[in-house]
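Me: I'd like to learn how to read the empty spaces in a protein model. Can you walk me through this one?

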Amino acid sequence: MSGKGAGMTSIGAATRSYEAWLRRELKVREADLALKHRLMASGVLPFLRGTFYRWVSLWHERCPELTDAPSVLAVGDLHIENFGTWRDAEGRLVWGINDVDEAASMPYTIDLVRLATSAVLAAKDRHLTMSAKALCKAILKGYRTSLASGGRAFVLEEGQPALRAIALSAEREPDRYWQHLASLRPVAAPATVRDLIAAQLPGPLALFRTVRRVAGIGSLGRPRYVGIGLWHGAYVAHEAKAMLPSAYDWALDRPTARIRGAEILARAVRCPDPFLTIGDRWQLRRLGPHCSRIELAMLPERRDERHLLEAMGWETANLHLGSPKAAALAAADLERRPKFWLFEAAKRMAKATTADWQEWRRR
């Protein structure tokens, strides 16, 4: 492997290289980047979320036996907090993968290992109660079942009571959500961004303003603007987030890399969000208490973790199924893997990620 992210001797060197590229590509919010560095030091799971650019080289080095797996258009930056809900064109609540910023052509195994590694790290931090082996088994079961059945979107209206309980937890109450968003300080957004947001709004909004939103971890540093105001007496908000080609392409030094988020979503087995659009420079989406990511802290105390992890594995396959022949190729490849391959790979990657995190904290 000879890309820009390969062969880095330290997490500090990898980060400096990646952020130098970031600054060449767009106007970075330095304060947000400084916040990202602090969040990366705060825990190993936030560190994992913030360092996909480093993960690519680590994964190739620590899991070489998985890099020859069939390639699909994959998520890349997949982890257990990269799931959320949105409303489809019929207003139904849908659950699934929330962020495809790092989508690229990759071995299908990278998504499974990264998802499993995040679950193992979350269990070590006592955010989940299942054993590491059971977590990996549940993810793989959901993935295999989805491949075999051709996938299915997670519409939460009549079925999926366990996921619906998570989606409608007290942590996602509208009053709390809008109070925070409405409290953000107004800023002047670029004219291009204002026009993009205005095109998505349902009509003229009372008390309309643009604000700067700080969210996520991996994308911190990229400009984000939210247009918010009142429509018929209640809040409406739409966000524009700056986009870049995948860090996977950067790490492998791929020329002419392109943004592929719109492509992976259009191909997936999915009830799409009609307000989510991804262009060459900006991603537009509607924001709301039930149109957002679900963090671990939002999970109710009583939840079916096995079902949740199986659903995450299933949804991963929903996106992979958009690649031609993905089901047959991935299923055949899985048959040749040892029984506990995912568990063993997740253990290795959890250990490597933890070592990187500890080094980052000593900086």
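**Pockets, cavities and one buried residue**

Reply: Sure. The second largest pocket holds about 220 Å³ of space. Keep in mind that this is a predicted model.

Me: Which residues are the closest to the centre of that second largest pocket?

Reply: W178, R286, L287, G288 and C291 are, out of the 15 residues that line the second largest pocket. By class, the lining splits into nine nonpolar, four polar and two charged residues.

Me: And which element gives the most to the lining of the second largest pocket?

Reply: That would be β8, with four residues. Both β8 and β10 supply at least two residues each.

Me: How do people find such spaces in general?

Reply: You roll a probe the size of a water molecule over the atoms, and that shows where empty space is left. In this model, the largest pocket comes out at about 960 Å³.

Me: What lines the largest pocket?

Reply: There are 40 lining residues, and R213, A215, R293, E295 and M298 lie nearest the centre. The lining has 17 nonpolar, seven polar and 16 charged residues. Elements that each supply at least two residues include α2 (30-42), α8 (174-182) and β10 (282-287).

Me: Now the closed spaces. How many cavities of 30 Å³ or more are there?

Reply: Four. The largest cavity has about 170 Å³ of space. It has 19 lining residues, with R49, D77, I217, G218 and S219 the closest to its centre. Helices α3 (44-50) and α4 (52-62) are the elements that give two or more residues to this lining. Split by class, the lining of the largest cavity has four nonpolar, seven polar and eight charged residues.

Me: How does the lining of the second largest cavity divide by class?

Reply: Into 11 nonpolar, no polar and two charged residues. This second largest cavity has about 100 Å³ of space. Its lining counts 13 residues, and I80, I294, L299, L308 and M312 lie nearest the centre. Helix α12 (residues 305-320) gives the most, with three residues.

Me: Last one: is I197 buried or exposed?

Reply: Look at the relative accessible area, where buried means under 20%. I197 has 1%, so I197 is buried. You'll find I197 in helix α9 (residues 191-200).

Me: What does I197 touch, leaving out residues up to four places away in sequence?

Reply: Y225, V226, G227, H238, A240 and L284. As for R270, 73 residues from I197 along the chain, the two C-alpha atoms are separated by 24 Å.

Key: Residues numbered from 1 in each chain as written. Predicted model: local features only at pLDDT ≥ 70, side-chain atom pairs only at ≥ 80, totals over all residues. Heavy atoms only, no water. Buried < 20%, exposed > 50% of the residue type's maximum accessible area, 1.4 Å probe, protein only. Contact = heavy atoms within 4.5 Å. 1 Å grid on protein atoms, 1.4 Å probe; cavity = no way out; pocket = protein on both sides within 12 Å on 5 of 7 lines; lining within 4 Å. Points joined across faces, edges and corners; volume = space filled by probe spheres on them. Nonpolar A, V, L, I, M, F, W, Y, C, P; charged D, E, K, R; others polar.
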